[in-house]
Amino acid sequence: MEKKKMENLLNELNDSQREAVVYCDGAQLVIAGAGSGKTRVLTYKIAYLLQQYNLAPWNILALTFTNKAAREMKERIARLVGEERARYLLMGTFHSIFARILRSEAAAIGFQSNFTIYDQSDSRSLVKNIIHEKGLDDKEYKPAAVADQISMAKNHLIMPDAFGSCSLFDPRHPQVATIYKMYAMRCRQANAMDFDDLLVQTFLLFSEHEDIRRKYVEKFHYVLVDEYQDTNFAQQRIVYLLTRERQRVCVVGDDAQSIYSFRGADIDNILNFRDAYTNARLFKLEQNYRSTQLIVKAANSLIRKNERQIPKDVYSHNEQGERLQLKPAQSDREEALIVCNDIKRLRRKEDLQWNDFAILYRTNAQSRSFEEQMRKDNIPYRIYGGLSFYQRKEIKDVIAYFRTIVNPDDEEALRRIINYPTRGIGDATVKKIAGAATEHGVSLWAVILQPMLFGLQVAKSTATKIDAFRQLIEGWRERLGTEDAYELGHSIIQESGITKDIYSSHEPDDLSRQENLQEFLAGMQDFVESRREEDRGDETSIADFLQEVALLTDLDSDKDSDQPKVSLMTVHSAKGLEFPVVFIVGLEENIFPSPMCTDSMRALEEERRLLYVAITRAEKHCILTCAENRFRFGRLEFDTPSRFIRDIDPSLLQVDGGNSDRQSFASPRLPWQAQNAHPVATQFKAAPMPRAVSRTKPEPAVDPLSPQFKQLLHTARSGQTNAFTAGRGGNTSSLRRIDTQATHTPPHKDGTGGGSLLREGTIIEHQRFGIGTVVRLEGEGDNEKATVAFRNAGTKQLLLKFARYKIVNS
DNA sequence: CGGCCCCGCGTTTTT
DNA sequence: CGCGGGGCCG
């Protein structure tokens, strides 16, 4: 009967999917093109292993990158083989599965099982403390950069002692090696691991303790890895340690969607999989079930420009569909307007729901303009990512209390709460405690427990305050074993004085902090209840709650997912998702690709893959937008269209000429748009170069794709008095600086003043149109417009808010 | 020690 | 523009 059922299931698959599912004799690499049913293959394969091979669910290990992916896969398997069996599958993120293993094996690697997990901000703050303690200049040793370097080293399994001689080591910053050493030591003293340690320590556990490795090899009969293209070296080695004997390993991924190298992911892992597993068989899934033919073709035409990839031919038999659309906009506001109008139009025309739409951008900061416009238009939306619930100050503070109670050695948590709410233990005292701790090589908490023993010199009144704090923490610690997370958590928030601190004020942002705190408490209650329901009543303590929360991200909380809403997110967080209509916005040089990525071929190819990922999220419509003038860092900048637009086969890209959407937006039309031409063509049309009249020397022409341009961009951004402009590309491009001292200034708060310094007859040098004379002025404040007769570019109307010019002669 | 104010700086993506 | 950190004063 089960066999019969399995046969039916297999019949739902296409040939290549089925082959991938039923091959279970050895290492296996499945290259799954976008939308080719990768998750389907994984779930069916697990069902197959359970039913055909009679593997016990606890003998199957499936590793994913997000909690959400793990949860969804588990649900899908439950539908295939039943709740009961699916429940015992070992399925989760690398980080959460390894954290669980490390807790039970902590002793072997010299940790206690109640270790805390440092998040990125904890790591950075620890690095910062170390830098300061060592008396180094934090301008030269930027904490964030150093922490990233350490993280990168860990992802490559480079231990502190080896760092000085590895390729990541930068001789200009020799102290990083020492900082790394101290960092590792301090983590140990704090009984804490950062995200990367969860991998590094697991690797060390398995490579240095053969008996333990054997135990887990025995346990994991079959190992499956999702999104293998995003694994880093450490993850790849761990998987290898677990599978090298049996070679019962199936990794699934798409090299064309490898977009996490900044996190240490190494595309070589998937490209060279068959070096590690010499007998591995390669399977390819090439039929895309998600998108229309033209979307797939356009995406292919883009990704073909990359050199490093596994050759494959992704195709679709769905309807042909429409070409990609490119809609140029004047400004970021107009861009948002175009997108919102399109959403409303398509929803009516094609009878879609709000949740059928997604707006994808390169950086989180870009969500703002869309948010504003959607508010105005009453379009329901949800922004994913950004700062997660658990990263908010008030929540982090509460969590810091929990962490301290579970693991008082946790230095970062302790520092956070030792004087919050204020209890008279200030910076100076903390420094003394930390000094004593470093001197004796113990944790801060050890010093607090026995100040005399470690020679802590403080005033008597301060000593009393420290001791009061100690008693406070120890009092709660005694209740750890008897009370559940909600009970204890609730009283901690009360007794610590957090409640008093937050509820005493009626400032609007304190109100939202109160709401957040309520929500957090409700979350703990849910946690305790659902654990009880799952028959895990003994895993409801604060420690269990922390374990759950430490590795949770915002994407996991679908509180109000019942309401259909437009999704706004970065391309990175859109991976694995699909939408009937996808807008990819901000397709401009210096945004997408990001300027950080344009130095190396490798990085640029990754950016291209990122755009590939974005396009392949779309089922029916994929609409690209780019804005020419954009507010960034609080100032206006001028962007050229993304070089990636040129990589898309022009016959698969429809460019939107001026239309009704745009007329409602009161902004001047600049030639780039008014000419109604293909922007790819316009991009190379040189703007009229003004004759140099002013005394400032004209800057030499710089190609916007060159490294010098980046340099100039950087100076222009950091300089207070200069704006810059990129001429339209190619060989004749120019980059000039325009002093902004004469630009339009907004009115004062009381409504007076502001405006431009222009009069009729003033001669200005405009950053794009060159030299011209002001003919007429109208409007006020933000709407102030000038009509200017330019020497080489005809008469233009400028919305002064957007214009950059300087006065030559008035 | 605590609170307030000002300055400076930055924004790539995240388990 | 908005946040966070540092410095200064009470």
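Gln236 is placed in helix H13, which covers residues 233–243. The model is a predicted one. At 10% relative accessibility, Gln236 counts as buried, because the cut-off for that class is under 20%. Beyond its neighbours within four places in sequence, Gln236 contacts Tyr228, Asn269 and Ala276.

Chain A as a whole was examined next. The chain holds 34 helices and 25 strands. It has 810 residues, and 56% of them count as buried. Contacts between residues at least 6 apart in sequence were also examined: 74% of these join residues at least 24 apart. The accessible surface of chain A is about 35800 Å². Carbon and sulfur atoms account for 48% of that surface.

The largest nonpolar core comprises 48 residues. Phe402, Phe469, Phe520 and Ile542 have the most contacts inside this core. Helix H19, residues 393–406, gives the most to the core, with eight residues. A second core, of 47 residues, lies apart from the largest one. Leu61, Leu90, Val200 and Val223 are among the residues of this other core. Phe520, in the largest core, has a set of contacts that leaves out residues up to four places away in sequence. In that set, Phe520 touches Phe389, Tyr390, Ile395, Val398, Ile399, Phe402 and Phe545.

Helix H3 spans residues 38–51. At 1.5 Å a residue, its 14 residues should span 20 Å. The end C-alpha atoms of H3 are 20 Å apart, so the model agrees with the expected span. H3 is mostly covered, with twelve of its 14 residues buried. The buried set includes Lys38, Lys45 and Gln51. It also includes Val41, Leu42, Ile46, Ala47, Leu49 and Leu50. Thr43, Tyr44 and Tyr48 of H3 are buried too. An α-helix has 3.6 residues a turn, so residues three or four places apart point the same way.

Pockets were considered last. The second largest pocket has a volume of about 420 Å³. Its lining consists of 16 residues. Asn129, Arg415, Asp427, Val430 and Lys431 are the closest of these to the pocket centre. Three helices, H7 (120–133), H20 (411–417) and H21 (427–440), each supply at least two residues of the lining. H7 provides the largest share of the lining, six residues.

Conventions. Residues numbered from 1 in each chain as written. Chains lettered and ligands numbered in written order. Predicted model: local features only at pLDDT ≥ 70, side-chain atom pairs only at ≥ 80, totals over all residues. Heavy atoms only, no water. Helix = DSSP H or I, 4+ residues; strand = E, 2+ residues; numbered from the N terminus. Buried < 20%, exposed > 50% of the residue type's maximum accessible area, 1.4 Å probe, protein only. Contact = heavy atoms within 4.5 Å. Areas by Shrake-Rupley, 256 points an atom, 1.4 Å probe, with all protein chains shown as cover. Core = buried A, V, L, I, M, F, W, Y, C linked by side-chain atoms within 4.5 Å. Expected span 1.5 Å × (residues − 1). 1 Å grid on protein atoms, 1.4 Å probe; cavity = no way out; pocket = protein on both sides within 12 Å on 5 of 7 lines; lining within 4 Å. Points joined across faces, edges and corners; volume = space filled by probe spheres on them.
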